Amino acid sequence: MKLIKQVNFKILCVLFVTVIAGCASAQPVGKDKYYHFGAGVVSEYVGHELDLPPGSAFVAGFAKETFDYIKYGKFDALDLAATTLGGIVVNIIIKKIKKKK
């Protein structure tokens, strides 16, 4: 079973890198997306420290984009994706660190 999980994780990583590389070559990433990624990292880490379930970054990003939609009339799904991606990355890192202990 452990081998299956390792293989699935490797396949997931390869797919993730392939998608990111494809998106990166398709268009330049704006500076704004890096800020959203960082906000996702921070919000997921804080959520983890407060013992909230995984997904804090998505909730924070969704709330921010909803606020932008109400105030400015624009909901940017790519901003939400960047925030969520930051949360996913930090969540994987936290799990890997905890596994080693």
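Phe75 has a relative accessible area of 32% and so counts as partly exposed; here buried means under 20% relative accessible area, exposed over 50%, and partly exposed in between, with a 1.4 Å probe and protein chains only. That makes Phe75 a good place to start a walk around this chain.

First, a word on the model. The model is predicted, so local features need pLDDT of at least 70 and side-chain atom pairs count only at pLDDT 80 or more, while totals for chains, interfaces and linings use all residues. Residues are numbered from 1 along each chain as its sequence is written, and side-chain values use heavy atoms, with hydrogens and water left out.

**The chain as a whole**

The chain has four helices and zero strands, giving the pattern α-α-α-α along the sequence. Helices (H or I, at least four residues) and strands (E, at least two) are DSSP runs, numbered from the N terminus. Of the 101 residues in the chain, 21% are buried. The chain exposes about 7,700 Å², and carbon and sulfur atoms supply 72% of that area; accessible areas come from the Shrake-Rupley method with a 1.4 Å probe, and for residues only the protein chains shown count as cover. A contact means heavy atoms within 4.5 Å. Among contacts between residues at least 6 apart in sequence, 63% join residues at least 24 apart.

**The aromatic cluster**

Back to Phe75 and its partners. A pair of aromatic rings is described by the distance of the centres and the angle of the planes. Rings of Phe, Tyr and Trp (its six-membered ring) pair if their centres lie within 6.5 Å; planes under 30 degrees apart count as stacked, over 60 as edge-to-face and the rest as tilted. How many aromatic pairs does this rule give? The count comes to two. In one of them, the ring centres of Phe58 and Phe62 are 5.9 Å apart and the planes stand at 25°, so this pair is stacked. Phe58 and Phe62 both belong to helix H3, four residues apart, or about one turn of the helix. Phe58 is partly exposed at 39% relative accessible area, and Phe62 is partly exposed at 41%.

Phe62 and Phe75 also pair: their ring centres are 5.8 Å apart and their planes lie at 65°, so this pair is edge-to-face. Phe62 sits in helix H3, but Phe75 is in the loop between H3 and helix H4 (77-100), so the pair ties together parts that are 13 residues apart in sequence. Through these ring pairs, Phe58, Phe62 and Phe75 are linked into a cluster.

The cluster residues also appear in a nonpolar surface patch of about 640 Å², made by Phe58, Val59, Phe62, Tyr69, Ile70 and Phe75. Patches are made of residues with over 30% relative accessible area and no salt bridge; like charges are joined within 9 Å, and nonpolar side chains (Val, Leu, Ile, Met, Phe, Trp, Tyr) within 5 Å.

**Glu65 and the salt bridges**

Helix H3 (residues 56-72) holds Phe62, and Glu65 lies in H3 too. Is Glu65 buried or exposed? With 1% relative accessibility, Glu65 counts as buried. Leaving out residues up to four places away in sequence, Glu65 touches His36, Lys74, Phe75, Asp76, Asp79 and Leu80. A polar atom of the Glu65 side chain lies 3.1 Å from the backbone nitrogen of Asp76.

Side chains of opposite charge can pair when their charged atoms come close. A salt bridge is a side-chain nitrogen of Lys or Arg within 4 Å of a carboxyl oxygen of Asp or Glu, and the structure holds six of them. Here are some, including one with Glu65.

| Salt bridge | N to O distance |
|---|---|
| Lys64 and Glu65 | 3.9 Å |
| Asp68 and Lys64 | 2.4 Å |
| Asp76 and Lys74 | 3.7 Å |

Lys64 is partly exposed, at 36% relative accessible area. Asp68 counts as buried at 11% relative accessibility. Because Asp68 and Lys64 are four residues apart in helix H3, about one helical turn separates them.

In the pair of Asp76 and Lys74, Asp76 is buried at 15% relative accessibility, whereas Lys74 is exposed at 51%. Salt bridges that share partners join Asp32, Lys33, Lys74, Asp76 and Asp79 into one network.

Note on methods: Polar contact = N/O pair within 3.5 Å; in protein donor to acceptor, adjacent residues only side chain to side chain.
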